[in-house]
Amino acid sequence: MSSKAEDKAAADAFSDRMNATPAKCSEADRFREADNQLKALQPEHVLALGDCPGRELPPGVVAAMESWCLLHDETPPSIEGCAKLAADPGDFRLVGLSTLRYLDKETIEAITGRVAGLDVATVRSSLPVAAEVIAVMVEWLQAALALHGWAQEQQRQAAGPDISRVGAAAAPAAAAAAA
C-alpha cells in the first residue's frame, strides 16, 4: 500500500505531464510561470478564500472567483462556489491548459469577458483577504486564455485554407470542364 506522500508525488508527476506546455512563445512562457505560481500556493493560502463569502469584494475579485468556478464547472459561479472549491486546495489547483479544451466556447468567452481586462497588481492591492491567491488566479486565467488563443491560431494556420471554400469555388470550373 502506498503512503500519502507517494500518492501526492504520483499525482504531481501526472499533473506535470498532463500540463506540460512545450510551445516556445511568450504566451507559453507566461503560462508556465503562472502555472508554477498556482502550484506553489500553500494550502492554507487557498483555504483563506473561505473567508471571502459575506464580504464586500471589488468587482475584479468577484470576476476572478466566478471565473474559477466556471473553470471547475461549479455552478452557479459565485464567491460562495469558489470558497467551496478552495476547501480542497489540491483540487482547487488541479487545473491545466487542457482544462480549457473541455470547456465550450460560451464558457471560454464568459471567463475571457470577466478577466481579460483585469490588472493583477490592482486586484492584489484591493483585497484584504487572500490577495495573493486571487492575483495568482487572475494571472493563471489570463495566461491560460492567451496560450489557448495562440494554440488555436497555430492550429488554424497549420490547417491551411478552408477546403470547403476551395472546393465550392472549384466546382463550377470542374463542371464546365466536364461539359
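At 0% relative accessibility, W140 counts as buried. This tryptophan sits in helix α10, which spans residues 131–159. The structure is a predicted model, and W140 is a good place to start reading it.

**The aromatic cluster**

Which residue pairs with W140? W68 does, and the two rings meet edge-to-face. Their centres are 5.6 Å apart, with 75° between the planes. That angle counts as edge-to-face because it is over 60 degrees. W68 belongs to helix α4, residues 59–71. The two tryptophans are 72 residues apart, so the pair links distant parts of the chain. W68 is also buried, at 0% relative accessibility. A search of the whole structure finds 3 aromatic pairs. Ring pairs join F31, W68, F92 and W140 into a cluster.

**The fold as a whole**

How many helices and strands does the protein chain have? The count is 11 helices and 0 strands. From the N terminus on, every element in the run is α. The chain has 179 residues, and 39% of them count as buried. Take the contacts between residues at least 6 apart in sequence: 73% of these join residues at least 24 apart.

**Where α2 meets α10**

Helix α2 covers residues 26–40. Helices α2 and α10 pack at an angle of about 150°, and their axes are 8 Å apart. The crossing is left-handed. On the α2 side, the residues in contact include F31, A34 and L38. On the α10 side, they include E139, W140 and L147. By class, this contact has 11 nonpolar, 2 polar and 4 charged residues. F31 and W140, both in this contact, are also members of the aromatic cluster.

E139 is one of the α10 residues here. Is E139 buried or exposed? E139 is buried, with a relative accessible area of 18%. That value is under 20%, so it falls within the buried class. Leaving out residues up to four places away in sequence, E139 touches R30, A34 and V120.

**V120 and its partners**

V120 lies in helix α9, residues 120–125. V120 is buried, at 14% relative accessibility. Beyond its neighbours within four places in sequence, V120 contacts A135, V138, E139 and Q142. V120 and V136 are 16 residues apart in sequence, and their C-alpha atoms are 8.0 Å apart in space.

A110, in helix α8 (residues 105–115), is partly exposed, with a relative accessible area of 26%. A110 and E66 are 44 residues apart in sequence, yet 9.7 Å apart in space, C-alpha to C-alpha.

The table gathers accessibility values for some of the residues discussed in this report.

| Residue | Relative accessible area | Class |
|---|---|---|
| W68 | 0% | buried |
| E139 | 18% | buried |
| V120 | 14% | buried |
| A110 | 26% | partly exposed |
| D73 | 64% | exposed |

**The loop between α4 and α5**

Most residues other than glycine have a negative phi, and most peptide bonds are trans. The loop between α4 and α5 holds an exception to each. D73 is found in this loop. D73 has a positive phi of about 60°, although it is not a glycine. At 64% relative accessibility, D73 counts as exposed. P76 is in the loop as well. A cis peptide bond joins T75 and P76, with omega about -10°.

Next comes α5, residues 79–86. α5 is mostly covered, with 6 of its 8 residues buried. Which residues of α5 are buried? They are I79, G81, C82, A83, L85 and A86. The cover over these residues includes α3 (43–47), α4, α6 (89–92) and α10.

**How far to trust the model**

The mean pLDDT of the protein chain is 83, and 76% of its residues reach 70 or more. Two stretches call for care. Over residues 14–19, pLDDT stays under 50, and the model has 10 contacts there beyond four places in sequence. Over residues 164–179, pLDDT also stays under 50, with 1 such contact. Where pLDDT is low, the predicted coordinates should not be read in detail.

Definitions and conventions:
Residues are numbered from 1 along each chain as its sequence is written. This is a predicted model: local features need pLDDT of at least 70, side-chain atom pairs count only at pLDDT 80 or more; totals for chains, interfaces and linings use all residues. Side-chain values use heavy atoms; hydrogens and water are left out. Rings of Phe, Tyr and Trp (its six-membered ring) pair if their centres lie within 6.5 Å; planes under 30 degrees apart count as stacked, over 60 as edge-to-face and the rest as tilted. Helices (H or I, at least four residues) and strands (E, at least two) are DSSP runs, numbered from the N terminus. Buried means under 20% relative accessible area, exposed over 50%, partly exposed in between (1.4 Å probe, protein chains only). Contact means heavy atoms within 4.5 Å. pLDDT is the predictor's confidence in each residue, from 0 to 100. Axes are lines fitted to C-alpha atoms, for helices over the stretch in contact, and angles run from 0 to 180 degrees between N-to-C directions. A crossing is left-handed if the near helix is turned anticlockwise from the far one by less than a right angle, and right-handed if clockwise. Ala, Val, Leu, Ile, Met, Phe, Trp, Tyr, Cys and Pro count as nonpolar, Asp, Glu, Lys and Arg as charged, and the others, Gly among them, as polar.
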